[in-house]
Amino acid sequence: MYELFNSTMSKQQIVSVVERKIAAVNKRIDAKILRGKPYAREAMEHRLLLSQRRRLRGPSFFTRSMSFMHLL
């Protein structure tokens, strides 16, 4: 959709940028809800950013622990 980061940023910096973008989209969605306006485009952007953050953070603690339990 659009480039959020450059090649010199660390993974943590990229996650921070994505989280700031999520907060900004949340504010826009809240404002549109209060005004009674449609917010489908912002919701789609929000889902995209959440999936990006999920990919950057990697598997959750629960998923890693279940993988470990599977090996036992």
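Trainee: How far does H2 reach from its first C-alpha to its last?
Mentor: This is a predicted model, in which local features need pLDDT of at least 70 and side-chain atom pairs count only at pLDDT 80 or more, while totals for chains, interfaces and linings use all residues. Residues are numbered from 1 along each chain as its sequence is written, and side-chain values use heavy atoms, with hydrogens and water left out. Helix H2 (helices being DSSP runs of H or I with at least four residues, strands runs of E with at least two, numbered from the N terminus) has 18 residues. The expected span, 1.5 Å times one less than the number of residues, is 26 Å for H2, and the reach in the model is close to that, at 26 Å.

Trainee: Which helix do the buried residues of H2 pack against?
Mentor: Buried means under 20% relative accessible area, with exposed over 50% and partly exposed in between (1.4 Å probe, protein chains only). By that rule the buried residues of H2 are Glu42, Ala43, Glu45, His46, Leu49, Gln52 and Leu56. Taking contact as heavy atoms within 4.5 Å, the helix they pack against is H1.

Trainee: How are H1 and H2 oriented to each other?
Mentor: The axes, which are lines fitted to C-alpha atoms over the stretch in contact, with angles from 0 to 180 degrees between N-to-C directions, come within 9 Å and cross at roughly 160 degrees. The contact is made by residues including Val18, Ile22 and Asn26 of H1 and His46, Leu49 and Leu50 of H2. Angles under 35 degrees count as roughly parallel, over 145 as roughly antiparallel, 65 to 115 as roughly perpendicular and the rest as oblique. The two helices are therefore roughly antiparallel.

Trainee: What is the relative accessibility of His46, and with which side chain does the side chain of His46 make a polar contact?
Mentor: His46, which is found in H2, counts as buried because its relative accessibility is 18%. Beyond its neighbours within four places in sequence, His46 is in contact with Ile22, Val25, Asn26 and Ile29. A polar contact is a pair of N or O atoms within 3.5 Å, where within protein one must be able to donate a hydrogen and the other to accept it, and residues adjacent in sequence count only if both atoms are side-chain atoms. At 3.0 Å, the partner side chain is that of Asn26.

Trainee: What distance separates the C-alpha atoms of Val18 and Leu50?
Mentor: Val18 is found in H1, where the buried residues also include Ile14, Val15 and Val17. Val18 counts as buried because its relative accessibility is 0%. Although Val18 and Leu50 are 32 residues apart along the chain, their C-alpha atoms are separated by 8.2 Å.

Trainee: Is Arg55 buried or exposed?
Mentor: Arg55 has its place in H2, and its C-alpha is 9.8 Å from that of Val15, although the two residues are 40 apart in sequence. Because its relative accessibility is 59%, Arg55 counts as exposed.

Trainee: Which residue just after H1 takes a positive phi?
Mentor: H1 spans residues 11-35 and reaches 36 Å, close to the 36 Å expected for its 25 residues. The residue just after H1, with a positive phi of about 75 degrees, is Gly36.

Trainee: What share of the residues in the protein is buried?
Mentor: The protein has 3 helices and 0 strands, and its elements run α-α-α from the N terminus on. Of its 72 residues, the buried share is 21%.
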